[in-house]
Structures are given as structure tokens and as C-alpha cells.
Amino acid sequence: MVQRVLSGMRPTGKLHLGHWSGALVNWVRLQDQYECFYVIVDYHALTSEYETPQVVRESIPEILLDWLAVGIDPERSVIFVQSHVPEHAELHLLLSMIVPLPWLERVPTYKEMKQQLVEKNLDTYGFLGYPLLQTADIILYKAEIVPVGEDQLPHLELAREIVRRFNHLYGPVFPEPQALLTPVPRVPGTDGRKMSKSFHNAIYLSDPPAVVWEKLRPMVTDPARVRRTDPGNPDVCPVFDLHKVFSPQPDIDFVNVECRRAGIGCIDCKQILFKNLSGFLEPIQARRRDWEARRDDLMGVLHEGAQKARAIAHETLREAQTAVGLITPDEVRPREKRTEDGKVGP
Ligand code: TRP
Ligand code: SF4
């Protein structure tokens, strides 16, 4: 049987080059080998953006367009919005009965995020439950492979512990999910720090060429290269980090040599990068425009995705509820119906 992959992103803004090299490039590849579920986790976004929910709402179509633009394929993958599949909330509630509070309180991202985002009140029930909701996202589809960044490992560990606890208490329903970590090259933003929306240093997948150049031109370089005649060191230059991800090998080698002997200036170097980035972004943006012109089809992707997801989610939730003893195996509840094949569906 083909294994399932599930991953999600919070709709809190458009996606940038960091999202591409940190996640999307892998997501696209995984489609060749696995049954993939990609979910726009609006409830997760709300745990921190509940005071400005319009951001979440507006970001959903943006994220969807970015996904489709890079090649997440609705013919092969199930693409959907978390809140469109109410089973996520129901399983989260069921799991909340068995998760000991200290398991949630000791998740490192919990304290870190609260300290980092002091301007937001994250002393909420929802925020504490963030990784438990993530557990529900994953195990609702019995996904065994979860491509995530390193920062998410504690959440995967919690998911595994919850699965063990559930299976121990009620019988074997869920498989333990595995994180799939792929080494991610450094993608710095224009100020040299990690590319991130909150640092205002990001180059977005949807930035038109003029905007990309406006961002690249003043980008931080090796601080030792003050004058054009000063030799530089690409190893400490964030522009070179971007070359390593987005330029072909001959260009990388050329910059590596010419920078060190001041054979090129930083503007020359950035122009080479700009040319390569433009070539990378062009087909992505063309595909984005295609989808933008078909708003109805765009919503159709989400409808179809939610339907496919729900069929599976409903079945798993029933299994879990049956294991706990909330329902009996062949009971059909008021909001359910029997499908043609005799199963019970939403
Ligand atoms: N917490 C993840 C992040 O911030 C997003 C997420 C929500 C997720 N549910 C998920 C990732 C399920 C993988 C699987 O990146
Ligand atoms: Fe960085 Fe390129 Fe300038 Fe060298 S030439 S310091 S790699 S921008």
C-alpha cells in the first residue's frame, strides 16, 4: 500500500523563497512517490492571529495559488483547508481528553513563541493545544510521513506519544507518524538574517521582477567589500547563499572565483543572481496567473480536496470513536448516512 504523506502551512501571508527551498520543493517531489495531503491550517493560524482573523481568511487563496504555482498538483494530491473538514476539530477534542497538560506545557515551541510574540496574548487554551491539533491533522489520515522543518520535531514527538497513549488505552487505531527531515540550505533574506515575513526581508514567489531587483540591489553583502576593488569572501555573503540555491553551478563557480579577486562587483554579482531568480520565478508566476484567471476552478480545488479528505477523515474518526466506545461499529448517527458500498459517511 502507498504510504501517506501529510503536511500543512499556516495561512498568515504569501509564500517566499524560504518556503520553497524549506518545504515546497520537497512537497512537489513527494507527489511522485506517495499519496500526499497538503492542508492549509487556518485554525492553527487563528491560534496566534485571532485578533486579526481577516489576515487568515485573505491568505488562504494566496497560499493555494502559491502551492499550485510551484507544482502541487490537485490531480495527484489532496489539497484542502483544515476548517472545511470538521473532523479535525472533533478528533482534537477527543485527543484533548487523554493528553496530560504537562506534555503540552513542555513543548519547547510553546514557551519560545510566547516569549517571542509578546505583543500577542498567547495565554489561550487554543495556543496551548496547537501541537495537539497538529497531531489530529496527521493521524486523521493515518499519515506515516510528515515532511517538516527541524523546529517541528517536538510536535512530531508529541504526536507519537499521543498515538501510543491512545492505542494503549483503546486499542490500535493509529500508526505512529515519522518526521521527514530533509537538509535545507540556508536561505537568507535581504538583510542577511533568515528569510521571514516578520523580518521584512523576504522575496516572495509572487514578486514581479522589478520588485525582486528592488530588493536584491540593496541586499547585504560581505561587509569587507566596501569598494569595488576590495576582494570579497562569498562564504560570509548572503547573496552567495542565494546563488547556491538558485544559480546553476557554472555561475556559482564564477562568482566564487571572481568575488575573491575583485574581478566582479557586488552589483554584477546580484545581476547574475537576478537573472537566475527571474528564470526560476517566471514559470511559477505564469502558472499562478493561469489559476488566478480561473477563480471558480480555484475554489473547486478546495471543494474537491475537502470532499476527498472528509471521506477518509470521517472513517478514521468513527474508528477512534468506536474504539473509545462512544458509538458502536454499525451505528448510524443522525448526521450520517450509509454510502453505496455500505460504509457510513458524512
Ligand atoms: N505547525 C506547522 C508549522 O508551523 C504547521 C502544521 C499544522 C503542520 N498541522 C500540520 C505541519 C501537520 C505538518 C503536519 O509549520
Ligand atoms: Fe557577495 Fe557577490 Fe559581492 Fe561577493 S561579489 S560579496 S558574493 S554580492
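The following exercises, each with a worked solution, concern a predicted model of a protein with a bound ligand.

**Exercise 1. Determine which residues come nearest to ligand 1, and describe the polar contacts made to its nitrogen atoms.**

Step 1. The surroundings of ligand 1 comprise 13 residues, of which His44, Tyr130, Gln134, Asp137 and Gln152 come nearest.

Step 2. Three of these residues are then examined for polar side-chain atoms facing a nitrogen atom of the ligand. For aspartate 137 the distance is 2.7 Å. For tyrosine 130 the corresponding distance is 2.8 Å. In the case of glutamine 152, an N or O atom of the side chain lies 2.9 Å from a ligand nitrogen. The protein covers 88% of the 370 Å² of accessible area that ligand 1 has on its own.

**Exercise 2. Establish which secondary-structure element gives the most residues to the shell around ligand 1, and how the shell divides by residue class.**

Step 1. Two elements, strand 1 (4–9) and helix 8 (130–139), each contribute at least two shell residues.

Step 2. Helix 8 gives the most, namely four residues.

Step 3. Sorted by class, the shell consists of six nonpolar, five polar and two charged residues.

**Exercise 3. Identify the salt-bridge partners of arginine 160, and state whether each residue involved is buried or partly exposed.**

Step 1. One partner is glutamate 157, with the closest N and O atoms 3.8 Å apart. This distance satisfies the salt-bridge limit of 4 Å. Both residues belong to helix 9 (residues 153–170), where a separation of three residues corresponds to about one turn of the helix.

Step 2. Another partner is glutamate 176, with a closest N–O distance of 3.3 Å. Glutamate 176 is in the loop between helix 9 and strand 5 (178–180) whereas arginine 160 is in helix 9, so this pair ties together parts that are 16 residues apart in sequence.

Step 3. Buried means under 20% relative accessible area. Arginine 160, at 19% relative accessibility, therefore counts as buried. Glutamate 157 has 37% and counts as partly exposed. Glutamate 176 has 30% and is likewise assigned to the partly exposed class.

**Exercise 4. Describe the salt bridge between glutamate 336 and arginine 318, and place it among the salt bridges of the whole structure.**

Step 1. The closest N and O atoms of glutamate 336 and arginine 318 are 2.7 Å apart. Glutamate 336 occupies the loop between helix 14 (295–324) and strand 6 (337–338), and arginine 318 lies in helix 14, so the bridge ties together parts 18 residues apart in sequence.

Step 2. Both residues of this pair are buried.

Step 3. Across the whole structure, the search finds 28 salt bridges. In addition to isolated pairs, a network of salt bridges should be considered: Glu62, Asp66, Arg288 and Glu292 are linked in one.

**Exercise 5. State how many disulfides the structure holds, and classify cysteine 259 and cysteine 266 by accessibility.**

Step 1. A disulfide is a covalent bond between the sulfur atoms of two cysteines. The structure holds zero disulfides.

Step 2. Cysteine 259 has 9% relative accessibility and therefore counts as buried.

Step 3. Cysteine 266 has 24% relative accessibility and therefore counts as partly exposed.

Key. Residues are numbered from 1 along each chain as its sequence is written. Chains are lettered from A and ligands numbered from 1 in the order in which they are written. This is a predicted model: local features need pLDDT of at least 70, side-chain atom pairs count only at pLDDT 80 or more; totals for chains, interfaces and linings use all residues. Side-chain values use heavy atoms; hydrogens and water are left out. A residue is near a molecule or strand if one of its heavy atoms lies within 4 Å of it. A polar contact is a pair of N or O atoms within 3.5 Å; within protein, one must be able to donate a hydrogen and the other to accept it, and residues adjacent in sequence count only if both atoms are side-chain atoms. Accessible areas come from the Shrake-Rupley method with a 1.4 Å probe; for residues, only the protein chains shown count as cover. Ala, Val, Leu, Ile, Met, Phe, Trp, Tyr, Cys and Pro count as nonpolar, Asp, Glu, Lys and Arg as charged, and the others, Gly among them, as polar. A salt bridge is a side-chain nitrogen of Lys or Arg within 4 Å of a carboxyl oxygen of Asp or Glu. Buried means under 20% relative accessible area, exposed over 50%, partly exposed in between (1.4 Å probe, protein chains only). A disulfide is a pair of cysteine sulfur atoms within 2.5 Å.
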